[in-house]
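I opened this notebook to record, entry by entry, what I looked up in one structure. The entries concern its fold, its empty spaces and some of its side chains.

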Amino acid sequence: MCALRPASRSARGGRGRSPARIPGPLLVLLGCLPGLAAVAALGLCAGDVEHAARPAPSARAADARAAAHRAARPPIVPRAAWLDDLARHAQPPPRYDDKVVAVFVHHTDSPNGYDCADAPRIIRYLYAGQTGARNWDDIGYNFLVDRCGTIYEGRAGGVDRPVTGAHTQGFNHRTAGIAALGTFTSGVPVPQAMVDAIAALTAWKLGLSGVDPRAHVRLTSSNSHSRYAAGVTAVFPALAGHRDGYMTTCPGAALTARLPEIRRTAARLQGRTGARPLTGTP
């Protein structure tokens, strides 16, 4: 029988460090080695175990790059500002994806001449329509923006989390939906405050996943009623219009024409000054 020898302090990593775990069978084999050879082998094995537990350099570099382009979170008005006890109904827990890699922009196809103080009432009306006539479990959009540039929390689940919405049929996973309150068909002015708010929200939301708003990403359709059959992987701008994924004119020609500007502004808010990146999904 081979007797196991206790490892020295140096082999266990020294004062102030937790000893690396060595598998039992390996300890038995090491016990068969004479004196110093066992200590040396144990030190090598401990080093290998410790190194294996560390993130790969490429992963650390990717995390550092993502953190470098995280934009500031803009002010977001919570659901409580527009959803009162009379309108609220019971709903299942929120669903989540692993991250958000793209944003779809919508318009709500509602009147434009509202007072911004009435935005909560308008959002409550949209909620009632989607959860009533359409029988959805919650409002479909993750965020809504009024013409004064105020951003409202839409779908429940946490604004900083990758909540699965119900805004772009076939492409609700790994995306966020931002709805502009109003109708922005051809020739209709899009308020600059609204454009700037959408850019700030996009910069922050995509920055959480390290996505450049000027990039293109790959998304897989989950529903054949979209522009792509279920299971088909398509390439979209990281900031896309609703009509890119579904047969619709939403978000309207006027707002669609502002999307390039929104992408550039969002990228600048992320601190990006380089060339537009190649297609890819984080």
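**Entry 1. Terms for the pocket lining.** Before I could sort lining residues by class, I needed the classes: Ala, Val, Leu, Ile, Met, Phe, Trp, Tyr, Cys and Pro count as nonpolar, Asp, Glu, Lys and Arg count as charged, and the others, Gly among them, count as polar. I also noted at the outset that the model is predicted.

**Entry 2. The largest pocket.** I looked up the classes in the lining of the largest pocket and found ten nonpolar, 13 polar and three charged residues. The space in this pocket comes to about 610 Å³. Its lining has 26 residues, and those closest to the pocket centre are His-107, Thr-108, Gln-130, Arg-134 and Tyr-141. I then asked which element gives the largest share of the lining. The element is α4, with six residues. Both β1 (102–107) and α4 (119–131) supply at least two residues of this lining.

**Entry 3. The chain as a whole.** I recorded seven helices and seven strands in the chain. Read from the N terminus, the order of elements is α-α-α-β-α-β-β-β-α-β-β-β-α-α. The chain has 282 residues, of which 43% count as buried.

**Entry 4. Enclosed cavities.** Rolling a probe the size of a water molecule over the atoms shows where empty space is left. I asked how many cavities of 30 Å³ or more a search of the whole structure finds. The search finds two.

The largest cavity holds about 80 Å³ of space. Among the residues that line it are Pro-92, Pro-93, Pro-94, Asp-137 and Asp-138. By class, I noted five nonpolar, two polar and four charged residues in this lining.

The second largest cavity holds about 50 Å³. Its lining includes Asn-142, Phe-143, Glu-153, Gly-158 and Lys-205. Here the classes are three nonpolar, two polar and four charged residues. Arg-155 and Val-163 appear in the lining of the largest cavity and also in that of the second largest cavity.

**Entry 5. Aromatic rings.** A pair of aromatic rings is described by the distance of the centres and the angle of the planes. I found a count of five aromatic pairs. For Tyr-228 and Phe-236, the ring centres are 5.8 Å apart and the planes stand at 80°, so this pair is edge-to-face; the cut-off for that label is an angle over 60 degrees. I also looked up whether each partner is buried or exposed. Tyr-228 counts as partly exposed because its relative accessibility is 29%, whereas Phe-236, at 1%, counts as buried. Tyr-228 and Phe-236 belong to one aromatic cluster with Phe-104 and Phe-171.

**Entry 6. Arginines over rings.** I asked over which ring the charged end of Arg-147 sits. The ring is that of Tyr-114, and the distance from its centre is 5.6 Å. Arg-161 lies over the face of Tyr-96, at 3.8 Å from the ring centre. Arg-161 also appears in the lining of the second largest cavity.

**Entry 7. Arg-214.** I located Arg-214 in the loop between α5 (192–207) and β5 (216–220). Is Arg-214 buried or exposed? Its relative accessibility is 16%, so Arg-214 counts as buried, given that buried means under 20%. Its side chain makes a polar contact of 2.7 Å with the side chain of Asp-212.

Definitions and conventions. Residues are numbered from 1 along each chain as its sequence is written. This is a predicted model: local features need pLDDT of at least 70, side-chain atom pairs count only at pLDDT 80 or more; totals for chains, interfaces and linings use all residues. Side-chain values use heavy atoms; hydrogens and water are left out. On a 1 Å grid over the protein atoms alone, a cavity is a set of points where a 1.4 Å probe fits but cannot get out, and a pocket is an open set with protein on both sides within 12 Å along at least five of seven lines; lining residues have an atom within 4 Å of a point. Grid points are joined across faces, edges and corners, and a volume is the space filled by probe spheres set on the points. Rings of Phe, Tyr and Trp (its six-membered ring) pair if their centres lie within 6.5 Å; planes under 30 degrees apart count as stacked, over 60 as edge-to-face and the rest as tilted. Buried means under 20% relative accessible area, exposed over 50%, partly exposed in between (1.4 Å probe, protein chains only). A charge sits over a ring if NZ of Lys or CZ of Arg is within 6 Å of the ring centre and within 35 degrees of the ring normal. Helices (H or I, at least four residues) and strands (E, at least two) are DSSP runs, numbered from the N terminus. A polar contact is a pair of N or O atoms within 3.5 Å; within protein, one must be able to donate a hydrogen and the other to accept it, and residues adjacent in sequence count only if both atoms are side-chain atoms.
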